[in-house]
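Reader: I'd like to learn how to read a protein-protein interface. Can you walk me through one?
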Amino acid sequence: MFKYFELVLLAVLVSAVPTARAQDTFQRIGREATPAELRAWDIDVRPDFLGLPPGSGNVAKGREVFLAKCAACHGAAGESNAMFTPLIGGTTKEDIASGRVKSLSLRTTSERTMFMKVNTLSTLFDYIQRAMPWSQPKSLTTNEVYSVLAYLLNLADVVPENFTLRDITMAEVQQRLPNRNGMTTDHGLWPGASTNRGGIGNGGQPDLKIEACMSDCRTEIRLGPPLPESMRKAQGDLAEQTRAFGPVRGTSPRPN
Amino acid sequence: MNRTPNQLGRLRPAPEHFLTDAEIMAVKAGRRDFLRTSLQVASAAMAAPLSARATEGDPVILQLPEWTTTAGRPVADRPYGTPSIHESQLQRRQLRGLSKVAANSASFTPLQGLFGIITPSGLHYERHHQGWHDIDPTRHRLMITASNPAFIRTPKVYTMDDLMRLPPVSHIHFLECGGNTGTEWGNAMVPTVQYTHGLLSCSEFTGVPLRLLLEHCGVDFKSARYILAEGADGASLTRTIPMELVESGEVFVAYGQNGEMLRPENGYPLRLIVPGVQGVSWVKWLRRIEVGDQAYASREETIHYVDQMPDGRLRQYTSVNECKSVITSPSGGQTLISHGYFNVTGLAWSGRGKIRRVDVSFDGGRTWRQARLEGPVLDKALTRFNIDWVWDGESAVLQSRAIDETGYVQPNYGQLRSVRGSRSIYHNNAIQSWEVLPSGEVNNVQVL
């Protein structure tokens, strides 16, 4: 009996075995989740809006909720970078028309607000619902989430001032997100099946293929700009950040 | 005593043994040139080994110290041991200027002082998206569900009792934040290896293969090709993971880390282990796995953890950490204590498998020598490398370059920027350069 159990265990661990085997072996472990439990934790909203709860909210109500619960961190117009990356800014009417945020391809600014990047409206609903506000996550009602999202969309010029966002209008509004066409999955950093096989990415092909040169690899060594002195100083006394014995010491601060 | 400063393997006494009181004061006052001065003092002392202060030898030998002449402390004096008081320099540190909210921030592992491949649990780097809690394990649950009821025979709830009854696996893997080395895309921005590469740790994790749990629930692997992993923290952070990694048996739900339970900062009592994939996918305080038929475009794979390319496009679902290495000592913010022999040491790793080889250059990449791989070379784990170096006192630029078992060669900055520009933030695996000045001071530089 014991031998048989061991064999089953080995099979479960090292090969793809029928589900029934796992269920037979690991008895009295875990239990079926109740419908109420499933509902309580199933809060994710997918890009196809599966999981989106029915509801609605308008810009005016959203402004009210945002000023009361969100503005302390994000600023009244979602523009603040005092605590977190700004939500609003850096997008134009042309971006909304094209679906690509032009400034991301320019070297003139390093600004990257939330609306400059996001391409799926489900993501914003999902995140506000699960994680906001900062100190009381999951405390907003469904309609408050819709309202706050409507307010943000209005601040980003995606919807007009008198707009009401509803579950059934989410897909339509998504078609106005300024960076909706700005994502790509054409890369080798997804560890699953490739796009060609119904997955994501190119199947793990790196974007660089380099030969490992061993000698005469460079004729000149040109160094980039030195570490900014302010950045060195910002990290405190480096002499205190390395062990006080051994082959090296931490370098003491430079005199002013 | 022979003066053979460049002889391989001859270690000199540390110069502070020869410091005068005035020089000790200078060190305490933080004078930058103390080491150079002390080198001269040390050299003088070596020429005449019996110094004025200790005419018959080293005072720490001649005058027995208190630990040799008194009784020590009892067992279990500190029921959970802590490092020596002399090791206070090696701490997790925040990068000042990185975040304005400490519960939405990161602390960095002090790689500059660590040995081997295992990161002490208390020094494991942290990245929290909404702070950490010390969760009561008796009130923690793992729920396994499906986006469509047809994809699972029985959605289940597991307690920690349940999970710890199941047959466990233990594996050593590295864990690297996708944003590690993110400050360096444009140019050298931070002074030490703790800040350039310290969002990196490696532990032995113990837990239950996720495949076993999904089989136990009767998941339809044909239809459900993705999983969503969700945390129990305020952020309830979520990431999408391909079912291929689960089916391979690599992904597991872990409760153990380095022989004990996970630390709260690292996900106590349960986190996901996704070998080779960036840290954000190793969801901490894991409360739910949902299997589904499409990716989830969560906040951490849409607004953050997207890699900006030169044409402005954002690469989404970038997950694998490609082959990378760094010399940890000597490294930026350190000063060599003398000319002569040094063991140059560092770490190499790859999200695509084992490390095959590490090369080191002392001349900024003109020529390379193969380093020794020390200790276990494991799949998707940190690998320690060492190489001999005799420093002649001239300027030098130290670099390491790793090659993994797929043949992928770690790129230099010119090569990496040629395809990804300099604004990606994430997945910077370029070759790191440390410039050694004639003073012995080591600085973070980039070879263009």
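Author: Sure, and contact comes first: it means heavy atoms within 4.5 Å. By that rule, 140 residues of chain B touch 117 residues of chain A. Keep in mind that this is a predicted model, where local features need pLDDT of at least 70, side-chain atom pairs count only at pLDDT 80 or more, and totals for chains, interfaces and linings use all residues. Residues are numbered from 1 along each chain as its sequence is written, chains are lettered from A and ligands numbered from 1 in the order in which they are written, and side-chain values use heavy atoms, with hydrogens and water left out.

Reader: What is the area buried between chain B and chain A?

Author: Buried area is the accessible area (1.4 Å probe) that two parts lose on being put together, summed over both. Here that comes to about 10,800 Å², with carbon and sulfur atoms giving 56%.

Reader: How many salt bridges does the rule find across the interface?

Author: The rule wants a side-chain nitrogen of Lys or Arg within 4 Å of a carboxyl oxygen of Asp or Glu. It finds seven between chain B and chain A. For instance, Asp207(A) and Arg315(B) join their side chains at 2.9 Å, N to O.

Reader: Which strands pair between chain A and chain B?

Author: Strands are DSSP runs of E, at least two residues, numbered from the N terminus, and two of them pair if DSSP finds at least two bridges between them. Strand 5 of chain A (residues 248-250) and strand 17 of chain B (residues 334-336) do so, antiparallel, over three bridges. In that pairing, Val248(A) sits opposite Leu336(B).

Notes
Helices (H or I, at least four residues) and strands (E, at least two) are DSSP runs, numbered from the N terminus.
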